[in-house]
Amino acid sequence: VIAAILMSALAITNCTQRSAPTRPRQPGAPKPYKVMGKWYQPLADSQGFQQQGLASWYGKKFHGRKTSNGERYDMYGVSAAHKTLPLDTWVRVHNLENGKNLDVRINDRGPFVRGRIIDLSYAAAQVIGLDIDGVAPVKIKVLGFEAMPKSTGKKPTRVAEPSKGGDCVWIQVGAFS
């Protein structure tokens, strides 16, 4: 009798179906996140991504704090924040007002200000000329992806802005601490 009851219970359990998840997740797909009451879903693939809108820069308030990929934010290094592009994606930022371009790596999330599509580090903003006004219309285009192990301790690349005038070549002779 006990064996019959167990077999019946097992058969009934196997016949019930679990409801399918409302949003199936692919392995490795980035998790959505919420900022100021709004949900953002990072892209799993950014190939061919382009966007046009306003760029801004962020500096002292965040300098030295951890970014979304675990690095320390360096306002004098070249980096950027985007709401949905995968972290460590390289993008070309083209300032539509003056024609200047810069390639930057996305290492943080933001900007969370209406109408803005990308936040640049202070040094990156200087290179493309949006550090004075603080905001400029830009076009961004994904160039590729670089996975950077967190254990390397590498910092974002620092740049020096070429002086006004002709083409410049910069050669770094050393870096000491």
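This text walks through a predicted model, from its strand arrangement to its core, its salt bridges and some single residues.

The strands give the frame of reference. Six of them form a closed barrel, in the order β3-β7-β4-β6-β5-β8, and the pairing around this barrel is mixed. In general, strands of a sheet pair through backbone hydrogen bonds, and the pairing is either parallel or antiparallel. Strand β7 shows both kinds. With β3 it runs parallel, and five bridges join the two strands. One position to look at on that side is L54, whose bridge partner in β7 is R116. With β4, strand β7 pairs in the antiparallel sense, over two bridges. Here A81 can be used as a marker, with D119 as its bridge partner in β7. Strand β7 is largely enclosed by the rest of the structure, because five of its six residues are buried.

The nonpolar interior comes next. The largest nonpolar core has 22 residues, and V93, V104, I118 and L120 are those with the most contacts inside it. The elements that give two or more residues to this core are strands β5, β6, β7 (116–121) and β8 (135–145), together with helix α2 (122–128). V104 is one of the residues with the most contacts in the core. Leaving aside neighbours within four places in sequence, V104 is in contact with V78, S79, A80, T89, W90, V91, V93, L120 and A124.

I106 is another residue to follow, and its place is in strand β6. Its relative accessible area is 0%, so I106 is buried. Beyond the neighbours within four places in sequence, the contacts of I106 include A80, A81 and H82, as well as L85, P86, L87 and D88. T89, V91 and I118 are also among the contacts of I106. For L87 there is a backbone distance as well: the C-alpha atoms of I106 and L87 are 5.4 Å apart, although the two residues are 19 residues apart in sequence.

How many salt bridges does the structure hold? There are three. In one of them R105 pairs with E71, with the closest N and O atoms 2.9 Å apart. R105 belongs to strand β6 (residues 101–108) and E71 to the loop between β3 (50–58) and β4 (80–81), so this pair ties together parts that are 34 residues apart in sequence. Another salt bridge joins the side chains of R105 and D88, at 2.6 Å from N to O. This pair also links distant parts of the chain, since R105 is in strand β6 while D88 is in the loop between β4 and β5 (89–95), 17 residues away. Together, E71, D88 and R105 are linked in a network of salt bridges.

Are the charged residues of this network buried or exposed? R105 has a relative accessibility of 5% and therefore counts as buried. E71, at 10%, counts as buried too. D88 is likewise buried, with a relative accessible area of 10%.

The remaining salt bridge is formed by the side chains of D103 and R92, with an N to O distance of 2.7 Å. D103 lies in strand β6 and R92 in strand β5, so the pair ties together parts that are eleven residues apart in sequence. D103 counts as partly exposed because its relative accessibility is 29%. R92, at 37%, is also partly exposed.

The last stop is in a loop. P30 lies between α1 (2–15) and β1 (33–35), in the loop that connects them. With a relative accessibility of 23%, P30 counts as partly exposed. The C-alpha atom of P30 is 7.1 Å from that of L43, and the two residues are 13 residues apart along the chain.

Conventions. Residues are numbered from 1 along each chain as its sequence is written. This is a predicted model: local features need pLDDT of at least 70, side-chain atom pairs count only at pLDDT 80 or more; totals for chains, interfaces and linings use all residues. Side-chain values use heavy atoms; hydrogens and water are left out. A salt bridge is a side-chain nitrogen of Lys or Arg within 4 Å of a carboxyl oxygen of Asp or Glu. Helices (H or I, at least four residues) and strands (E, at least two) are DSSP runs, numbered from the N terminus. Buried means under 20% relative accessible area, exposed over 50%, partly exposed in between (1.4 Å probe, protein chains only). Contact means heavy atoms within 4.5 Å. A nonpolar core is a set of buried Ala, Val, Leu, Ile, Met, Phe, Trp, Tyr and Cys residues joined through side-chain atoms within 4.5 Å. Two strands pair if DSSP finds at least two bridges between them.
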